[in-house]
Amino acid sequence: MFDLIIKGGCLVGIDGTTLGTIGIKSNKIVLISKDEGNLSAKEVIDASGKLIFPGMIDCHVHLNEPGFEWREDILHGTRSAAAGGITTIIDMPLQNTPSPITAENFRAKARLLNDKAYVDFALWGGFIDNNLGHLNDLYGQGAASLKVFLGPVSSDYSPLDLGLLRAGLQQAAKLGIRIGIHCEDISIIRQEESNAQKEGRNNIADYLNSRPVIAEILAVTNVIELAKETKAKVHICHVSHPDVAEVIKKAKAAGLDVTAETCSHYLIFNDDIFKEKGPLFKCAPPIRSEKEREQLWAYVLDGTLDCLASDHSPCAPAEKEKGLSDIWQAWTGISGLQTTFQIMFNEMYHKRKLNPALLAKVLSYNPSRVFGLYPRKGALRLGSDADLVIVNPETPWNVESGDLFYKNPISAFVGTQGKGIVEKTIIRGEIVFDQGIFKVNEGFGIFINPRMM
Ligand SMILES: [Zn+2]
(Lines give C-alpha, C1' and ligand atoms only; values in the text may rest on other atoms or scores of the structure.)
Protein backbone atom coordinates (compact mmCIF):
# COMPACT_ATOMS: atom_id res chain seq x y z
CA MET A 1 0.00 0.00 0.00
CA PHE A 2 1.47 3.31 -1.10
CA ASP A 3 0.78 6.64 0.52
CA LEU A 4 0.51 8.32 -2.86
CA ILE A 5 0.62 7.23 -6.48
CA ILE A 6 1.05 9.60 -9.38
CA LYS A 7 0.11 7.93 -12.63
CA GLY A 8 -0.09 8.75 -16.31
CA GLY A 9 2.41 11.60 -16.23
CA CYS A 10 5.54 12.22 -18.25
CA LEU A 11 8.49 11.75 -15.90
CA VAL A 12 11.36 14.17 -16.50
CA GLY A 13 14.74 12.66 -15.69
CA ILE A 14 18.15 14.09 -16.39
CA ASP A 15 18.54 11.94 -19.50
CA GLY A 16 15.10 12.41 -20.98
CA THR A 17 11.42 11.81 -20.46
CA THR A 18 9.30 8.70 -20.13
CA LEU A 19 5.67 7.98 -19.35
CA GLY A 20 5.35 6.31 -16.00
CA THR A 21 4.01 5.92 -12.50
CA ILE A 22 5.60 7.05 -9.27
CA GLY A 23 4.81 5.38 -5.95
CA ILE A 24 5.51 7.13 -2.65
CA LYS A 25 5.73 5.67 0.82
CA SER A 26 7.03 7.20 4.05
CA ASN A 27 8.15 10.40 2.30
CA LYS A 28 10.30 8.58 -0.24
CA ILE A 29 10.02 7.53 -3.86
CA VAL A 30 9.69 3.74 -3.67
CA LEU A 31 8.43 2.91 -7.15
CA ILE A 32 9.13 4.20 -10.63
CA SER A 33 7.41 2.05 -13.20
CA LYS A 34 6.51 2.23 -16.86
CA ASP A 35 3.13 0.61 -16.37
CA GLU A 36 0.39 1.41 -13.91
CA GLY A 37 -0.22 -2.19 -12.81
CA ASN A 38 -2.64 -2.89 -10.02
CA LEU A 39 -1.36 -0.58 -7.33
CA SER A 40 -3.27 0.55 -4.30
CA ALA A 41 -2.65 3.78 -2.47
CA LYS A 42 -4.29 6.11 0.03
CA GLU A 43 -4.28 8.81 -2.65
CA VAL A 44 -3.93 8.68 -6.42
CA ILE A 45 -3.14 11.61 -8.68
CA ASP A 46 -3.88 11.28 -12.37
CA ALA A 47 -1.16 13.29 -14.08
CA SER A 48 -2.13 12.50 -17.68
CA GLY A 49 -0.91 15.23 -19.98
CA LYS A 50 1.34 16.67 -17.26
CA LEU A 51 5.09 16.72 -16.80
CA ILE A 52 6.54 15.53 -13.51
CA PHE A 53 9.82 17.14 -12.55
CA PRO A 54 12.02 16.35 -9.58
CA GLY A 55 11.57 19.13 -6.99
CA MET A 56 13.51 22.23 -7.96
CA ILE A 57 16.36 23.50 -5.83
CA ASP A 58 17.04 27.23 -5.84
CA CYS A 59 20.62 27.45 -4.63
CA HIS A 60 20.76 31.25 -4.37
CA VAL A 61 17.98 32.88 -2.35
CA HIS A 62 17.97 35.90 -0.03
CA LEU A 63 15.01 35.64 2.34
CA ASN A 64 16.28 38.45 4.61
CA GLU A 65 15.04 36.99 7.90
CA PRO A 66 16.23 37.52 10.58
CA GLY A 67 16.74 41.24 10.44
CA PHE A 68 15.38 42.65 7.21
CA GLU A 69 11.87 41.21 7.13
CA TRP A 70 10.41 44.29 5.49
CA ARG A 71 12.17 43.14 2.32
CA GLU A 72 11.27 39.48 2.51
CA ASP A 73 10.53 36.99 5.25
CA ILE A 74 10.53 33.25 5.58
CA LEU A 75 6.75 32.81 5.37
CA HIS A 76 6.29 34.84 2.20
CA GLY A 77 9.52 33.67 0.62
CA THR A 78 8.98 29.98 1.12
CA ARG A 79 5.32 30.18 0.05
CA SER A 80 6.54 31.83 -3.16
CA ALA A 81 9.05 29.02 -3.57
CA ALA A 82 6.37 26.33 -3.18
CA ALA A 83 4.12 28.12 -5.68
CA GLY A 84 7.01 28.22 -8.13
CA GLY A 85 7.92 24.53 -7.89
CA ILE A 86 10.94 25.10 -5.66
CA THR A 87 10.99 22.33 -3.04
CA THR A 88 14.34 23.24 -1.46
CA ILE A 89 15.92 26.65 -1.11
CA ILE A 90 19.50 27.31 -0.14
CA ASP A 91 19.33 30.60 1.71
CA MET A 92 22.08 33.20 1.74
CA PRO A 93 23.66 34.70 4.87
CA LEU A 94 22.67 38.21 3.84
CA GLN A 95 20.80 40.37 4.48
CA ASN A 96 20.59 38.89 7.96
CA THR A 97 21.07 40.29 11.44
CA PRO A 98 22.69 38.43 12.93
CA SER A 99 24.33 36.88 9.89
CA PRO A 100 25.17 33.16 10.14
CA ILE A 101 28.90 33.78 10.43
CA THR A 102 29.21 31.74 13.64
CA ALA A 103 27.85 28.33 14.65
CA GLU A 104 25.49 29.95 17.15
CA ASN A 105 23.99 32.34 14.62
CA PHE A 106 23.76 29.54 12.08
CA ARG A 107 21.81 27.32 14.49
CA ALA A 108 19.49 30.19 15.41
CA LYS A 109 18.74 30.83 11.76
CA ALA A 110 18.09 27.14 11.08
CA ARG A 111 15.63 27.07 14.01
CA LEU A 112 13.84 30.10 12.64
CA LEU A 113 13.36 28.51 9.24
CA ASN A 114 12.40 25.25 10.87
CA ASP A 115 9.53 27.06 12.60
CA LYS A 116 8.30 28.95 9.57
CA ALA A 117 9.36 27.50 6.23
CA TYR A 118 6.90 25.91 3.80
CA VAL A 119 9.67 24.22 1.82
CA ASP A 120 12.83 22.37 2.76
CA PHE A 121 15.95 24.42 3.15
CA ALA A 122 19.70 24.27 3.33
CA LEU A 123 21.78 27.24 4.40
CA TRP A 124 24.84 29.10 3.21
CA GLY A 125 27.20 30.18 5.95
CA GLY A 126 28.80 33.59 5.80
CA PHE A 127 32.52 34.15 5.23
CA ILE A 128 33.36 37.80 5.89
CA ASP A 129 36.38 39.78 7.04
CA ASN A 130 36.33 38.69 10.69
CA ASN A 131 35.22 35.05 10.94
CA LEU A 132 37.98 32.97 9.40
CA GLY A 133 38.20 31.13 12.72
CA HIS A 134 34.55 30.05 12.46
CA LEU A 135 34.59 28.28 9.10
CA ASN A 136 35.21 24.84 10.65
CA ASP A 137 32.25 25.32 12.96
CA LEU A 138 29.98 26.42 10.13
CA TYR A 139 30.98 23.30 8.25
CA GLY A 140 30.15 21.26 11.34
CA GLN A 141 26.72 22.85 11.61
CA GLY A 142 25.88 21.77 8.08
CA ALA A 143 26.50 24.84 5.94
CA ALA A 144 25.94 23.84 2.33
CA SER A 145 28.55 26.35 1.21
CA LEU A 146 30.13 29.59 2.39
CA LYS A 147 29.39 32.91 0.70
CA VAL A 148 32.09 35.37 -0.19
CA PHE A 149 31.89 38.79 -1.83
CA LEU A 150 34.75 40.17 -3.88
CA GLY A 151 32.60 43.03 -5.14
CA PRO A 152 30.80 45.78 -3.23
CA VAL A 153 28.18 44.55 -0.79
CA SER A 154 25.52 46.07 1.48
CA SER A 155 26.76 47.38 4.80
CA ASP A 156 25.66 44.40 6.93
CA TYR A 157 28.22 42.17 5.19
CA SER A 158 31.80 42.71 4.06
CA PRO A 159 33.84 41.92 0.98
CA LEU A 160 37.06 39.89 1.21
CA ASP A 161 40.44 40.63 -0.24
CA LEU A 162 42.28 37.87 -2.04
CA GLY A 163 44.56 37.14 0.91
CA LEU A 164 41.67 36.30 3.20
CA LEU A 165 39.87 34.39 0.47
CA ARG A 166 43.03 32.32 -0.05
CA ALA A 167 43.25 31.53 3.66
CA GLY A 168 39.58 30.48 3.64
CA LEU A 169 40.05 28.34 0.55
CA GLN A 170 42.96 26.54 2.23
CA GLN A 171 40.65 25.61 5.11
CA ALA A 172 37.75 24.78 2.83
CA ALA A 173 39.93 22.42 0.79
CA LYS A 174 40.68 20.40 3.93
CA LEU A 175 37.01 20.30 4.91
CA GLY A 176 35.74 19.61 1.42
CA ILE A 177 33.20 22.44 1.60
CA ARG A 178 32.58 24.53 -1.51
CA ILE A 179 32.99 28.29 -1.34
CA GLY A 180 30.62 30.38 -3.45
CA ILE A 181 31.75 33.75 -4.63
CA HIS A 182 30.16 36.93 -5.91
CA CYS A 183 32.79 37.68 -8.52
CA GLU A 184 33.26 41.33 -9.43
CA ASP A 185 36.52 43.18 -8.81
CA ILE A 186 35.75 45.86 -6.27
CA SER A 187 38.51 48.28 -7.31
CA ILE A 188 37.34 48.45 -10.92
CA ILE A 189 33.78 49.17 -9.81
CA ARG A 190 34.73 51.74 -7.15
CA GLN A 191 36.83 53.68 -9.67
CA GLU A 192 34.04 53.98 -12.23
CA GLU A 193 31.37 54.51 -9.61
CA SER A 194 33.11 57.33 -7.80
CA ASN A 195 34.00 59.11 -11.05
CA ALA A 196 30.39 59.04 -12.15
CA GLN A 197 29.09 60.14 -8.78
CA LYS A 198 31.60 63.01 -8.55
CA GLU A 199 30.44 64.22 -11.96
CA GLY A 200 26.77 63.85 -11.03
CA ARG A 201 26.15 61.14 -13.63
CA ASN A 202 23.35 59.03 -12.24
CA ASN A 203 21.43 57.28 -14.99
CA ILE A 204 21.24 53.60 -15.90
CA ALA A 205 23.98 53.86 -18.53
CA ASP A 206 26.31 55.20 -15.81
CA TYR A 207 25.49 52.27 -13.57
CA LEU A 208 26.12 49.80 -16.40
CA ASN A 209 29.40 51.53 -17.14
CA SER A 210 30.50 51.10 -13.52
CA ARG A 211 30.09 47.33 -13.72
CA PRO A 212 32.11 46.38 -16.83
CA VAL A 213 32.55 42.73 -17.68
CA ILE A 214 36.29 43.05 -17.03
CA ALA A 215 35.44 43.37 -13.31
CA GLU A 216 33.71 40.01 -13.48
CA ILE A 217 36.44 38.39 -15.58
CA LEU A 218 39.25 39.58 -13.29
CA ALA A 219 37.48 38.32 -10.17
CA VAL A 220 36.66 34.93 -11.69
CA THR A 221 40.20 34.55 -13.00
CA ASN A 222 41.62 35.28 -9.55
CA VAL A 223 39.24 32.84 -7.91
CA ILE A 224 40.14 30.13 -10.37
CA GLU A 225 43.87 30.66 -9.85
CA LEU A 226 43.36 30.42 -6.09
CA ALA A 227 41.22 27.30 -6.50
CA LYS A 228 43.98 25.76 -8.58
CA GLU A 229 46.59 26.56 -5.95
CA THR A 230 44.57 25.54 -2.89
CA LYS A 231 42.68 22.65 -4.52
CA ALA A 232 39.47 24.06 -3.05
CA LYS A 233 36.05 23.62 -4.61
CA VAL A 234 34.54 26.91 -5.75
CA HIS A 235 31.17 28.00 -7.07
CA ILE A 236 30.86 31.12 -9.21
CA CYS A 237 27.58 32.85 -8.40
CA HIS A 238 25.35 34.53 -11.00
CA VAL A 239 27.49 34.53 -14.15
CA SER A 240 26.13 37.33 -16.34
CA HIS A 241 28.32 37.26 -19.44
CA PRO A 242 29.55 34.72 -22.02
CA ASP A 243 33.18 35.85 -21.67
CA VAL A 244 33.03 34.98 -17.96
CA ALA A 245 31.47 31.61 -18.77
CA GLU A 246 34.30 30.98 -21.23
CA VAL A 247 36.89 31.44 -18.45
CA ILE A 248 34.96 28.93 -16.33
CA LYS A 249 34.68 26.50 -19.22
CA LYS A 250 38.47 26.47 -19.62
CA ALA A 251 38.97 25.91 -15.87
CA LYS A 252 36.57 22.97 -15.96
CA ALA A 253 38.37 21.53 -18.98
CA ALA A 254 41.62 21.80 -17.01
CA GLY A 255 40.08 19.58 -14.35
CA LEU A 256 39.34 22.11 -11.61
CA ASP A 257 36.28 21.60 -9.43
CA VAL A 258 34.65 24.88 -10.42
CA THR A 259 30.87 25.06 -10.64
CA ALA A 260 28.77 28.00 -11.72
CA GLU A 261 25.27 29.37 -11.89
CA THR A 262 23.38 31.92 -13.89
CA CYS A 263 19.94 33.46 -13.36
CA SER A 264 16.86 33.81 -15.52
CA HIS A 265 17.20 37.61 -15.70
CA TYR A 266 20.55 37.27 -17.51
CA LEU A 267 18.98 34.81 -19.95
CA ILE A 268 15.84 36.75 -20.89
CA PHE A 269 16.52 40.45 -20.35
CA ASN A 270 19.00 42.82 -22.01
CA ASP A 271 20.37 46.24 -21.06
CA ASP A 272 17.96 48.03 -23.42
CA ILE A 273 15.05 46.66 -21.40
CA PHE A 274 16.80 47.81 -18.21
CA LYS A 275 17.26 51.34 -19.63
CA GLU A 276 13.66 51.46 -20.80
CA LYS A 277 11.97 50.00 -17.74
CA GLY A 278 14.14 51.28 -14.93
CA PRO A 279 15.42 50.36 -11.46
CA LEU A 280 13.43 47.13 -11.00
CA PHE A 281 16.00 45.62 -13.38
CA LYS A 282 19.04 46.84 -11.43
CA CYS A 283 21.12 43.92 -10.21
CA ALA A 284 24.79 42.98 -9.86
CA PRO A 285 26.47 41.90 -12.01
CA PRO A 286 24.23 43.91 -14.32
CA ILE A 287 22.09 42.70 -17.18
CA ARG A 288 24.22 42.66 -20.34
CA SER A 289 23.63 43.41 -24.04
CA GLU A 290 21.24 41.51 -26.30
CA LYS A 291 24.11 39.78 -28.12
CA GLU A 292 25.75 38.71 -24.87
CA ARG A 293 22.44 37.52 -23.43
CA GLU A 294 21.96 35.20 -26.40
CA GLN A 295 25.58 33.98 -26.27
CA LEU A 296 25.20 33.11 -22.59
CA TRP A 297 22.67 30.42 -23.52
CA ALA A 298 25.39 28.34 -25.19
CA TYR A 299 27.01 27.86 -21.79
CA VAL A 300 23.78 26.64 -20.24
CA LEU A 301 23.43 24.14 -23.06
CA ASP A 302 27.02 22.87 -22.89
CA GLY A 303 26.96 22.44 -19.11
CA THR A 304 29.46 25.16 -18.20
CA LEU A 305 26.76 26.85 -16.14
CA ASP A 306 25.70 24.00 -13.88
CA CYS A 307 22.84 25.68 -12.06
CA LEU A 308 20.03 28.11 -12.61
CA ALA A 309 19.17 30.18 -9.57
CA SER A 310 16.93 33.14 -8.88
CA ASP A 311 19.33 35.21 -6.77
CA HIS A 312 15.99 36.31 -5.27
CA SER A 313 17.04 39.66 -3.87
CA PRO A 314 13.89 41.46 -2.75
CA CYS A 315 13.28 44.94 -1.41
CA ALA A 316 10.49 47.35 -0.50
CA PRO A 317 8.98 49.32 -3.43
CA ALA A 318 10.40 52.62 -2.13
CA GLU A 319 13.92 51.17 -2.35
CA LYS A 320 13.49 50.79 -6.12
CA GLU A 321 11.55 54.04 -6.61
CA LYS A 322 14.47 56.04 -5.22
CA GLY A 323 16.37 54.98 -8.30
CA LEU A 324 14.01 56.67 -10.74
CA SER A 325 15.83 59.98 -10.31
CA ASP A 326 19.22 58.56 -9.27
CA ILE A 327 20.11 54.99 -10.19
CA TRP A 328 22.82 54.79 -7.51
CA GLN A 329 20.09 55.03 -4.85
CA ALA A 330 18.10 52.03 -6.12
CA TRP A 331 18.22 48.67 -4.41
CA THR A 332 20.45 46.25 -6.30
CA GLY A 333 18.63 42.98 -6.83
CA ILE A 334 15.71 41.28 -8.56
CA SER A 335 12.95 39.16 -7.03
CA GLY A 336 12.65 35.88 -8.92
CA LEU A 337 12.12 32.97 -6.56
CA GLN A 338 8.54 32.27 -7.60
CA THR A 339 9.00 32.75 -11.33
CA THR A 340 12.35 31.16 -12.16
CA PHE A 341 10.93 27.77 -13.04
CA GLN A 342 7.97 28.96 -15.10
CA ILE A 343 10.04 31.48 -17.02
CA MET A 344 12.81 29.02 -17.75
CA PHE A 345 10.27 26.32 -18.64
CA ASN A 346 8.67 28.63 -21.18
CA GLU A 347 12.06 29.64 -22.58
CA MET A 348 13.49 26.17 -22.82
CA TYR A 349 10.49 23.97 -23.59
CA HIS A 350 8.31 26.25 -25.69
CA LYS A 351 10.63 28.84 -27.23
CA ARG A 352 13.84 26.83 -27.70
CA LYS A 353 12.22 23.39 -28.03
CA LEU A 354 14.73 21.88 -25.64
CA ASN A 355 14.23 18.61 -23.83
CA PRO A 356 12.84 19.35 -20.35
CA ALA A 357 15.57 17.07 -19.02
CA LEU A 358 17.90 20.08 -19.23
CA LEU A 359 15.67 21.96 -16.82
CA ALA A 360 15.66 19.01 -14.41
CA LYS A 361 19.44 19.11 -14.59
CA VAL A 362 20.09 22.81 -14.02
CA LEU A 363 17.32 23.40 -11.50
CA SER A 364 17.39 20.14 -9.56
CA TYR A 365 20.07 17.52 -10.16
CA ASN A 366 23.06 19.85 -10.55
CA PRO A 367 22.34 22.14 -7.58
CA SER A 368 21.76 19.04 -5.49
CA ARG A 369 25.15 17.63 -6.53
CA VAL A 370 27.00 20.93 -6.24
CA PHE A 371 25.74 21.67 -2.73
CA GLY A 372 25.89 18.17 -1.32
CA LEU A 373 22.17 17.40 -1.13
CA TYR A 374 22.35 14.41 -3.45
CA PRO A 375 20.98 11.69 -3.43
CA ARG A 376 18.34 12.82 -0.96
CA LYS A 377 17.29 15.66 -3.23
CA GLY A 378 17.49 16.41 -6.94
CA ALA A 379 16.30 13.30 -8.75
CA LEU A 380 13.39 11.05 -9.61
CA ARG A 381 15.14 8.13 -8.04
CA LEU A 382 14.22 5.24 -5.75
CA GLY A 383 15.01 6.12 -2.15
CA SER A 384 15.16 9.88 -2.70
CA ASP A 385 12.77 12.28 -0.98
CA ALA A 386 9.47 12.38 -2.86
CA ASP A 387 9.91 15.99 -3.96
CA LEU A 388 7.95 16.37 -7.17
CA VAL A 389 6.49 19.14 -9.27
CA ILE A 390 3.52 18.50 -11.53
CA VAL A 391 3.43 20.93 -14.42
CA ASN A 392 0.74 21.58 -16.96
CA PRO A 393 2.92 22.45 -19.95
CA GLU A 394 0.29 24.32 -21.95
CA THR A 395 -1.42 26.59 -19.42
CA PRO A 396 -0.77 30.20 -20.41
CA TRP A 397 0.36 32.69 -17.81
CA ASN A 398 1.08 36.36 -17.44
CA VAL A 399 3.05 37.35 -14.35
CA GLU A 400 1.06 39.92 -12.40
CA SER A 401 1.96 41.52 -9.11
CA GLY A 402 -1.19 40.04 -7.57
CA ASP A 403 0.04 36.50 -8.32
CA LEU A 404 3.29 36.93 -6.41
CA PHE A 405 3.40 35.67 -2.84
CA TYR A 406 6.42 37.82 -1.92
CA LYS A 407 6.30 40.20 1.03
CA ASN A 408 6.72 42.92 -1.60
CA PRO A 409 5.08 41.71 -4.80
CA ILE A 410 7.27 43.72 -7.14
CA SER A 411 9.58 42.17 -9.70
CA ALA A 412 11.26 42.78 -13.02
CA PHE A 413 9.38 39.69 -14.21
CA VAL A 414 5.93 41.27 -13.79
CA GLY A 415 4.48 41.54 -17.31
CA THR A 416 6.32 38.55 -18.75
CA GLN A 417 4.16 35.97 -20.46
CA GLY A 418 4.47 32.34 -21.37
CA LYS A 419 3.05 28.85 -21.05
CA GLY A 420 3.43 26.09 -18.50
CA ILE A 421 2.57 26.39 -14.83
CA VAL A 422 3.18 24.47 -11.64
CA GLU A 423 -0.06 22.77 -10.62
CA LYS A 424 1.17 20.82 -7.64
CA THR A 425 4.31 20.96 -5.55
CA ILE A 426 4.98 17.86 -3.46
CA ILE A 427 7.63 17.72 -0.77
CA ARG A 428 8.53 14.45 0.97
CA GLY A 429 5.30 12.96 -0.36
CA GLU A 430 3.06 15.75 0.98
CA ILE A 431 1.16 18.03 -1.37
CA VAL A 432 2.36 21.46 -0.28
CA PHE A 433 0.86 23.59 -3.03
CA ASP A 434 -2.15 22.65 -5.15
CA GLN A 435 -3.40 25.02 -7.87
CA GLY A 436 -3.08 28.19 -5.85
CA ILE A 437 -3.78 26.70 -2.42
CA PHE A 438 -1.20 25.95 0.27
CA LYS A 439 -1.95 22.60 1.88
CA VAL A 440 0.56 22.51 4.74
CA ASN A 441 1.22 24.78 7.68
CA GLU A 442 4.20 27.03 8.27
CA GLY A 443 7.10 25.08 9.64
CA PHE A 444 6.53 22.12 7.31
CA GLY A 445 9.97 22.60 5.76
CA ILE A 446 12.98 20.94 7.35
CA PHE A 447 16.68 21.65 7.45
CA ILE A 448 18.67 19.55 5.00
CA ASN A 449 22.18 19.00 6.31
CA PRO A 450 24.68 18.03 3.62
CA ARG A 451 26.88 16.41 6.27
CA MET A 452 24.11 13.87 6.88
CA MET A 453 23.41 12.53 3.41
ZN1 LIG B 1 22.82 36.99 -4.16
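What follows is a chat about how some labels in this predicted model are earned.

Reader: What makes β2 and β3 a pair of strands?

Author: Two strands pair if there are at least two bridges between them. Strand β2 (residues 17–25) and strand β3 (residues 28–33) are joined by 5 bridges, so they meet that cut-off. They run antiparallel, and one of the contacts has Lys-25 with Lys-28 of β3 as its bridge partner.

Reader: And what sits between the two strands of that hairpin?

Author: There are 2 residues between β2 and β3. Ser-26 takes a positive phi there, near 50°.

Reader: Why is the contact of Phe-53 and Phe-345 called an aromatic pair, and why edge-to-face?

Author: Rings pair if their centres lie within 6.5 Å, and planes over 60 degrees apart count as edge-to-face. For Phe-53 and Phe-345 the values are 6.1 Å centre to centre and 85° between the planes, so both labels hold. A search of the whole structure finds 17 aromatic pairs.

Reader: Why do you say that this pair ties together parts of the chain?

Author: Look at where the two rings sit. Phe-53 belongs to strand β5 (residues 51–54) and Phe-345 to helix α13 (residues 340–351), so the pair ties together parts that are 292 residues apart in sequence.

Reader: Are Phe-53 and Phe-345 buried or exposed?

Author: Both Phe-53 and Phe-345 are buried, which means that each has under 20% relative accessible area. Ring pairs also link Phe-53, Phe-341, Phe-345 and Tyr-349 into a cluster.

Reader: Now the empty spaces. What makes one a cavity and another a pocket?

Author: In a cavity a 1.4 Å probe fits but cannot get out, whereas a pocket is an open set of points. The whole structure has 2 cavities of 30 Å³ or more. The largest cavity has a volume of about 50 Å³, and the second largest about 40 Å³, so both clear the 30 Å³ of the search.

Reader: How do you know that the largest cavity lies between the domains?

Author: Its lining tells you. Domain 1 (2–52 + 383–448) and domain 2 (60–370) both give residues to the lining of the largest cavity, so it lies between them. Among the lining residues are Leu-280, Trp-331, Ile-410 and Ala-412.

Reader: What kinds of residues line the two cavities?

Author: For the largest cavity, the lining divides into 7 nonpolar, 4 polar and 1 charged. The second largest cavity has a lining of 2 nonpolar, 4 polar and 4 charged. Arg-376, Lys-377, Asp-385 and Asp-387 are among the residues lining the second largest cavity, and they count as charged because Asp, Lys and Arg are in that class.

Reader: What about the largest pocket?

Author: The largest pocket has a volume of about 660 Å³. It is lined by 33 residues, with Val-153, Ser-154, Arg-211, Trp-331 and Thr-332 nearest its centre. Helix α5 gives the most to this lining, with 3 residues. The mix is 11 nonpolar, 12 polar and 10 charged.

Reader: And where does the second largest pocket lie?

Author: Domain 1 and domain 2 both give residues to the lining of the second largest pocket, so it lies between them. This pocket has a volume of about 300 Å³. Of its 17 lining residues, Gln-338, Gln-342, Trp-397, Asp-403 and Ile-421 lie nearest the centre. Strand β15 gives the most to the lining, with 3 residues. The lining divides into 8 nonpolar, 7 polar and 2 charged.

Key: Residues numbered from 1 in each chain as written. Predicted model: local features only at pLDDT ≥ 70, side-chain atom pairs only at ≥ 80, totals over all residues. Heavy atoms only, no water. Helix = DSSP H or I, 4+ residues; strand = E, 2+ residues; numbered from the N terminus. 1 Å grid on protein atoms, 1.4 Å probe; cavity = no way out; pocket = protein on both sides within 12 Å on 5 of 7 lines; lining within 4 Å. Points joined across faces, edges and corners; volume = space filled by probe spheres on them. Domains from an automatic or database assignment. Phe/Tyr/Trp six-rings, centres within 6.5 Å; stacked < 30°, edge-to-face > 60°. Buried < 20%, exposed > 50% of the residue type's maximum accessible area, 1.4 Å probe, protein only.
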